[in-house]
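Q: Please take a close look at one part of this structure. I should like its surroundings described residue by residue, and then set in the context of the whole.

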Amino acid sequence: MAVCVAVIAKENYPLYIRSVPTENELKFHYMVHTSLDVVDEKISAMGKALVDQRELYLGLLYPTEDYKVYGYVTNSKVKFVMVVDSSNTALRDNEIRSMFRKLHNSYTDVMCNPFYNPGDRIQSRAFDSMVTSMMIQVC
Amino acid sequence: MSVPDYMQCAEDHQTLLVVVQPVGVVSEENFFRIYKRICSVSQISVRDSQRVLYIRYRHHYPPENNEWGDFQTHRKVVGLVTITDCCSAKDWPQTFEKFHMQKEIYGSTLYDSRLFVFGLQGEIAEQPRTDVAFYPSYEDCPGVEKRVEDFIESLFIVLESKRLDRATDKSGDKVPLLCVPFEKKDFVGLDTDSRHYKKRCQGRMRKHVGDLCLQAGMLQDSLVHYHMAVELLRAVNDFLWLGAALEGLCSASVIYHYPGGTGGKNGARRCPGGSLPAEAANRHRPGAQEVLIDPGALTTNGINPDTSAEIGRAKNCLSPEDIIDKYKEAISYYGKYKNAGVIELEACVKAVRVLAIQKRSMEASEFLQNAVYINLRQLSEEEKIQRYSVLSELYELIGFRRKSAFFKRVAAMQCVAPSIAEPGWRACYKLLLETLPGYSLSLDPQDFSKGTHRGWAAVQMRLLHELVYASRRMGNPALSVRHLSFLLQTMLDFLSDQEKKDVTQSLESYTSKCPGTMELITLPDGLSLPPVPLTKLPIVRHVKLLNLPASLRPQKMKSLLGQNVSAKSPFIYSPIIAHSRGEERSKKIDFQWVQGDVCEVQLMVYNPMPFELRVENMGLLTSGVEFESLPAALSLPAESGLYPVTLVGVPQTTGTISVNGYHTTVFGVFSDCLLDNLPGIKNNGSTVEVIPALPRLQISTSLPRSAHSLQPASGDEISTHVSVQLYNGETQQLVIKLENIGVEPLEKLEVTSKVLTSKEKLYGDFLSWKLEEALAQFPLQPGQVATLTVNIQVKLDFSCQENLLQDLSDDGISVSGFPLCSPFRQVVRPRVESKGANPPEGSKPGDPSHTKALEAILNFKYSGGPGHVEGYYRELSLGLRVEVEPSVFFTRVSTLPATSTRQCHLLLDVFNSTEHELSLSARGNEELILHAGECQRMAIQVDKFNFESFPESPGEKGQFATPKQLEEQRQEARGLEINSKLGIRWRIISFHGRGSRCPCSGFLTMEGTHEGSSAHKPHSNAPCNSPGSSVHCLALPVHWSLTPGR
């Protein structure tokens, strides 16, 4: 269902990015990169909202002709961006939310690995397979 | 209407559009000079009223856009200024004709026009005309601005009359229907008498009046008119015009709220007197009242007859939030009409500008997103570029730098689209450069030196590739080399093996035309590209300055004690000084380099590339001292491990040199890599003192070199080793050639020797020389040779090994243990026991196991030239190994009384342990031939003497010595005395002719000790008769201790 999943560090560089049509990877790089503008804007708009009550899910960042870009930001300002095919109308907001939650949990597991250096690229196989499962699920 | 004006902003609704155009042949330069002057008249306070008129000048305006002038009056060209060249009067009618033709283009909408004629003088110019102004030249036209002001005032008069004309239209009158070009055919055959139609006409007219009021500087009035128009048009569902009315409302409100303007650059002129919006509103009151009394108009707002008209007016104005809502509404209405795409697009742009001021980026991005999808007719490439650039600028405006960069890049790519006949690589390159900040990419490699690179590598790499390509197509290979080396340097970790190969190949092909330099490249637009040193090709891990080889290492002559300490502080110890010194030391290395001598720095490098890396011209970068770097070339295998590379150079002057880095040429790119900028480099100091030049000494000897190297105790390193084989007691001359191979004269030489600690007891002078002979040739100029002769003399005690000595008691001489000999015995005995496995008889003479080795070091300390003045010297060591073979032994010693009482016979049993026949002589006369392995007795007649008469050894030595040592000294001294008396010598006959061994060089020394006062006292002494010990034999007058002498 997702065509591209990206994890972006607090300093806005990618920790993990993977897309399904691998031949046009760069397009998704551009898409995710530009979506960060919206993420930044949304985060700054949230401003000083109570940290624990803040909604982590950012919702639709922006639609393009073929895709929809959704965002999610953790409390430590790590961003998850998911690109979804816009033809896939069956996908509801709630499902996107739950996918992000799954992603977040898996990311937390990665961070719990004592051998992972925060800030490095994520190379965890478990995380990778989880992302794969999210990508295949429907399409 | 097809050409959008992306630069539009809300304030443009209040401007009058004036087109300034050249007619005939006017040079661009001259035209724009005048155009600029005309443009400076952009706002005018109209005579008596306080209203301000704003003018928008265009030098190009598509006539089809002019057709939309009724829809939004600011799109209507109301004034035309024509600029022309006219040199002679006869061209004048023609020129004037052209002016009229030009007027025709915008004829339907023009309020007024002017012609500025330059160059014409004479009677035509004298004629006063309102629509033509004559100026002698482009330089001499002081009245242009005034003329334009007059022109604008005339425009105002027309505008005002039109406004009043329309505003006072009574509702009962027939109102003409205003329409946009594409609507015209829709209204054919429509019932013009219907209420619906009338309302539509009224609404549109109201909106038009609103536009005129806005242009005429009557903001409040326009607001009222727009409100009315909105009501009217909403009722008849005339969406296009409803949208226009709403947009007008928004524009007027924006002008009210943001007097600073939303357009950005032209904002300054908007608020001339610094007047507040409220004041501005007050100013417009006179005009407003005119409208407010209009009975048919007021349906909703501001109608209250007397009470505060002010409040009503304030209400007319939209709040900032409402502005956006209305914009949204307007755009949604525009969106219903395909032909109004440009209007919709421009409305979006205007709304975005307003939102940018309101800092509501999210909503602005929505407007922009919408604008992206507005499909205009097929755009030309140029328009596409413009569109993307404007989108980029707008995104930039709302702080979406990444999005902005994205569109700018798209615009750049559009510049060189394959469909374009003449690709604009220059423009493409310029636009690409502007995208760099959006991709958080700086072109300074220093920014990447801190740890691993973090960023959008894939995207950044793409951009760099595009920069490389664009700069190459631009015909600037230096730029592409710079970008490509930057790509290689910063993105190395992200390149795949194949990409690495491709990048380096293209880099090599570029550099073949234009080698990469270390110079700053400054682009015409002011951006400068700092040089990119390829510090990762190869990666340097470790830098170590090497000391000079031991033989060339300079040494400081011992200065007065504590000299350097006293210079710094009166205290012997201070923790503060120690601390600061420690810091100094951290960078400074405690050895010196010498001027004019080759110095070395070792680097540990490795090649991260998947192929062989050729590094050329690798040398050192230094400062502080003039340094001649001798570059090296190396070739590193693919993905090599750490690889040591030694860079060399010669310091030409003295002082403190610091090694700052190294330079390389890789793939044709010159790089200066500074150590400070290298991450993860291990560097233990890079500063070394260079001392003045010293001479260099080379020594060669007459003896063969030895493979056997000495292991000196501490510190000393030996440059040359020689070895020689000698028989015990033999003397050999070692001729040492001293050659000055440096460039400085050799002035001083000191020679010292050091015998390495050996268990052997050595008698006599092992090495002796006469330095004076060599020094006589000093100072030694470069290339000159001096010789020094060193005598090697070996006298060792072999007796303990050879169990050949027998005691002499059978000769009737009583022999008893002699206490003085006990030290000898004690030392010797355990050795014998340890050698017990060696059967004494089995050991043949000359057996190698019998040889003993002596090792010594000759130290040459030399100095000269400027280094000598500074107090430095050099040390050269020569290792000497002497293998000593046993020669002659005394197996028995005894004495017999001689005929004279003053003399006695000394009987010696002599054994030849060599393989050669040798002759033996004592006191120079009695010669005895001994065959190999033969033992014979010889008798020597000697004078008796008493050791009591023998002088004591110098007292001062004795003071420090133990009694035992004292006794040994005395024993030695006596031994020497006896030796000199006996003078026993041997020589190997067969060597006689060869001369390699001096025939008389063999010394056999006898050592004697004496006990008791009487020389004649028998039985008083005894040799130690224990086997294997050195024999102390008792002679009548003396007590002999027979050992090969010291």
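A: A polar contact is a pair of N or O atoms within 3.5 Å; within protein, one atom must be able to donate a hydrogen and the other to accept it, and residues adjacent in sequence count only if both atoms belong to side chains. The model is predicted, so to speak of a local feature requires pLDDT of at least 70 and to count a side-chain atom pair requires pLDDT 80 or more, whereas totals for chains, interfaces and linings use all residues. Residues are numbered from 1 along each chain as its sequence is written, chains are lettered from A and ligands numbered from 1 in the order in which they are written, and side-chain values use heavy atoms, with hydrogens and water left out.

The part chosen is Thr535(B), whose side chain makes a polar contact of 2.7 Å with that of Gln489(B). Thr535(B) lies in the loop of chain B between strand E8 (528–529) and strand E9 (539–546); helices (H or I, at least four residues) and strands (E, at least two) are DSSP runs numbered from the N terminus. Thr535(B) counts as buried because its relative accessible area is 13%; buried means under 20%, exposed over 50% and partly exposed in between (1.4 Å probe, protein chains only). Beyond its neighbours within four places in sequence, Thr535(B) is in contact with Gln489(B), Val540(B), Tyr662(B), Cys673(B) and Leu678(B), where contact means heavy atoms within 4.5 Å.

Another loop of chain B, between strand E17 (655–666) and strand E18 (669–674), holds Gly668(B). Gly668(B) is partly exposed, at a relative accessible area of 26%. Its C-alpha lies 5.3 Å from that of Thr511(B), although 157 residues separate Gly668(B) and Thr511(B) in sequence. Outside four places in sequence, Gly668(B) is in contact with Thr511(B), Pro515(B) and Gly516(B).

These loops belong to a chain with 27 helices and 38 strands. Of the 1046 residues in chain B, 51% are buried. Among the contacts in chain B with a separation of 6 or more, 75% join residues 24 or more positions apart.

Salt bridges (a side-chain nitrogen of Lys or Arg within 4 Å of a carboxyl oxygen of Asp or Glu) number 26 over all chains. In one of them, the closest N and O atoms of Glu139(B) and Arg33(B) are 2.8 Å apart. The two residues are 106 apart in sequence, with Glu139(B) in the loop between strand E6 (132–135) and helix H5 (144–167) and Arg33(B) in helix H1 (28–39) of chain B. Glu139(B) is exposed at 58% relative accessible area, and Arg33(B) is partly exposed at 30%. Glu145(B) and Arg37(B) also meet in a salt bridge, at 3.1 Å from N to O. That pair joins helix H5 to helix H1 of chain B across 108 residues.

Finally, chain B touches chain A, with 24 residues from chain A and 19 residues from chain B taking part. Together they bury about 2,100 Å², 65% of it on carbon and sulfur atoms; buried area is the accessible area (1.4 Å probe) that two parts lose on being put together, summed over both. The count between the chains is 2 salt bridges. One of these joins the side chains of Asp40(A) and Arg402(B) at 3.2 Å, N to O.
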